[in-house]
Amino acid sequence: MNILTYDRASGSSIEDLHLLIDGVNDDALALAQYLSYRARVVTVLHSAPDQLGSLEGAFRADSGNIGFQLRSEISDIEDAAALFVSLSTPPYDAVIGHARSTGLRLSNLADTILRNACGRTIGVTGSAGKTTTTFLLTAILRNAGYDVLGSTDYRLTPSGPGKAMLEAIAAADDRSLSVVELTSHHLDYVTTSPSIGIVTNLFPDHQDWHGSFEAYRSAKQNLLRFQKDEDVAVLNFDDPEVREHFRGLGRGREIYFSALDNITDGVVVADGHIALRSRGGCDRICPVSQLKMPLHHIPNALAATAVAIELGVNRKALRDVLVGFQGLPQRCQYLGAVDGVEIYDDTIGMNPRKALKGLETFPDRSLIVVSGGALQSLGGEKRVSSSLEKADLRLFCEALLTKADIVVLFDEGGDVIEQILAEIGTGTPRVIRAENFEAAVLQAVRAAPDDMRLLISPVFYNQPLDMRHFLEDLIGKSG
């Protein structure tokens with residue numbers, strides 16, 4: 001039996017199969033629990049013998065078909081049918097290499113959600129804007145009275161679906177809509193496409209992880225590659241990569257959006273309005289002048305609008321959310337003031353292009369900026385490793401010249417930024433060095449002149465929840 005054919009719609013069963021789960025984080029253990037009620041046996045692969053006691057204690061007593069095995073002993077398992085890959089496992093990992101060489105099917109938590117969600121699924125991907133689009137579309141659909149599960153309900157970072165959403169789909173029914181953010185790390189291992197797939201844009205990112213831009217693009221294309229005739233693709237016509245490599249990829253209809261008014265049929269910005277243009281004319285949704293969101297979010301708003309119209313959302317419910325949306329948490333979000341210094345959280349910007357977008361939303365000479373972090377993520381992915389990412393980093397540093405009077409830098413990423421600023425030369429902002437993220441924020445607060453905002457813009461890798469918890473605690477103590 002093909003493990004990737006099972007789902008509720010087809011009635012296929014996995015009860016005779018042995019499934020492997022890679023990893024011992026919360027998401028992996030929740031997936032093991034979920035599949036244990038369906039498969040003959042589930043084996044969790046872990047890295048160290050001393051983890052075994054805590055692993056066994058993580059499961060209910062009635063989960064007798066869950067076992068545990070060292071990752072290094074995967075070759076001893078001869079009857080496995082599939083390996084469910086952890087989000088943090090790189091594609092060049094030995095366990096994945098073994099699975100490919102022995103014919104094990106690859107899947108993951110995101111694929112499981114897409115296959116088992118009762119109602120229609122809406123998947124969102126892109127190099128930037130996918131979290132904002134997911135968040136905004138979930139809010140629009142909910143405001144219109146739809147029963148919606150959104151991956152951003154449960155977490156913004158790490159991106160995409162996890163344990164909470166997996167557990168939520170078990171209680172949902174056929175009327176529910178599931179809106180799921182899908183990164184290339186998720187999409188690498190899916191063979192199910194959502195009912196509606198949104199592609200916001202595509203530019204070089206995660207090339208160290210995937211091995212090349214072409215491999216990164218191919219992973220993203222899985223969003224549409226397995227769509228059925230009745231499915232829909234929603235595509236950014238303004239993005240050349242999306243136009244060239246995603247048009248015609250799915251089997252269903254295509255809907256386009258354009259912030260540059262480049263299309264005669266689709267959702268556009270025209271005559272100062274977000275509007276639906278068709279042969280029948282131009283249906284204005286709301287004036288752009290009424291929007292409170294940063295301007296770089298408008299393409300994301302167009303994508304969300306296109307799906308909302310496709311699903312029959314009434315114009316008032318759509319307009320109210322568009323007008324009221326002020327931006328994403330952790331995306332240039334105002335957190336509060338500490339010792340009179342306003343703090344803006346742009347911690348979602350952990351690559352140069354995203355960080356640059358955030359930086360550009362502020363007036364010139366209005367900022368003290370905190371940047372830095374690790375050159376490699378916990379999963380082993382190198383950050384800012386490609387020539388295009390390095391070019392984007394230089395653009396970020398050049399923008400610092402006009403936007404910031406002071407930058408506080410930390411860790412290896414701070415070293416890289418400081419070197420580029422030194423190369424740029426005269427007119428660079430004053431540089432302060434700090435030992436780590438927490439120290440950098442505190443030093444920035446102390447150094448900030450009157451009426452200067454503090455922007456947290458890491459650029460490089462940091463533990464997202466660690467940053468968030470520290471900032472919440474800092475603001476809470478100040479309040």
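Helices (H or I, at least four residues) and strands (E, at least two) are DSSP runs, numbered from the N terminus. The model is predicted, so that local features need pLDDT of at least 70 and side-chain atom pairs count only at pLDDT 80 or more, while totals for chains, interfaces and linings use all residues. Residues are numbered from 1 along each chain as its sequence is written, and side-chain values use heavy atoms, with hydrogens and water left out.

**Exercise 1. Compare the expected span of helix H12 with the distance between its end C-alpha atoms, then describe its burial and what follows it.**

Step 1. The expected span of a helix is 1.5 Å times one less than its number of residues. For the 13 residues of H12 (residues 298-310) this gives 18 Å, and because the end C-alpha atoms lie 18 Å apart, the two values agree.

Step 2. Buried means under 20% relative accessible area, exposed over 50%, and partly exposed in between, with a 1.4 Å probe and protein chains only. By this criterion eleven of the 13 residues of H12 are buried, and the helix is mostly covered; among them are Ile-298, Asn-300, Leu-302, Thr-305 and Ile-309.

Step 3. After H12 comes Gly-312, whose phi is positive, near 85°.

**Exercise 2. Identify the nonpolar cores and the helix that gives the most to the largest.**

Step 1. A nonpolar core is a set of buried Ala, Val, Leu, Ile, Met, Phe, Trp, Tyr and Cys residues joined through side-chain atoms within 4.5 Å. The largest such core has 49 residues, and those with the most contacts inside it are Leu-19, Ile-21, Leu-35, Leu-166 and Leu-235.

Step 2. Helix H1 (residues 26-36) gives the most to this core, contributing seven residues.

Step 3. A second core, separate and made of 39 residues, includes Leu-177, Ile-274, Met-293 and Ala-308; Ala-308 is also one of the buried residues of H12.

**Exercise 3. Work out the order of the five-stranded open sheet and decide which strands stand at its edges.**

Step 1. Two strands pair if DSSP finds at least two bridges between them. The five strands of this open sheet follow the order S3-S2-S1-S4-S5, with parallel pairing.

Step 2. Strand S3 (66-70) and strand S5 (105-107) stand at the edges, and because each has a single partner strand, one side of each is left without a neighbour in the sheet.

Step 3. From one strand to the next, the twist averages 25°, where axes are lines fitted to C-alpha atoms, for helices over the stretch in contact, and angles run from 0 to 180 degrees between N-to-C directions.

Step 4. Strand S4 (residues 82-84) is joined to S5 by three bridges, and Leu-83 stands opposite Leu-106 in S5.

**Exercise 4. Locate three salt bridges and classify the accessibility of their partners.**

Step 1. A salt bridge is a side-chain nitrogen of Lys or Arg within 4 Å of a carboxyl oxygen of Asp or Glu; the structure holds 25 of them.

Step 2. Arg-71 and Asp-93 meet at 2.8 Å, N to O, linking the loop between S3 and S4 to the loop between S4 and helix H3 (94-102), 22 residues apart. Both Arg-71 and Asp-93 are buried.

Step 3. In Arg-468 and Asp-345 the closest N and O atoms are 2.7 Å apart, and the pair links helix H18 (residues 464-478) to strand S16 (residues 341-345), 123 residues apart. Arg-468 is buried at a relative accessible area of 16%, and Asp-345 is buried at 0%.

Step 4. Arg-353 forms a salt bridge with Asp-392, with the closest N and O atoms 3.2 Å apart. Arg-353 counts as partly exposed at 29% relative accessibility, whereas Asp-392, at 11%, counts as buried.

Step 5. Salt bridges that share partners join Asp-22, Arg-71 and Asp-93 into one network.
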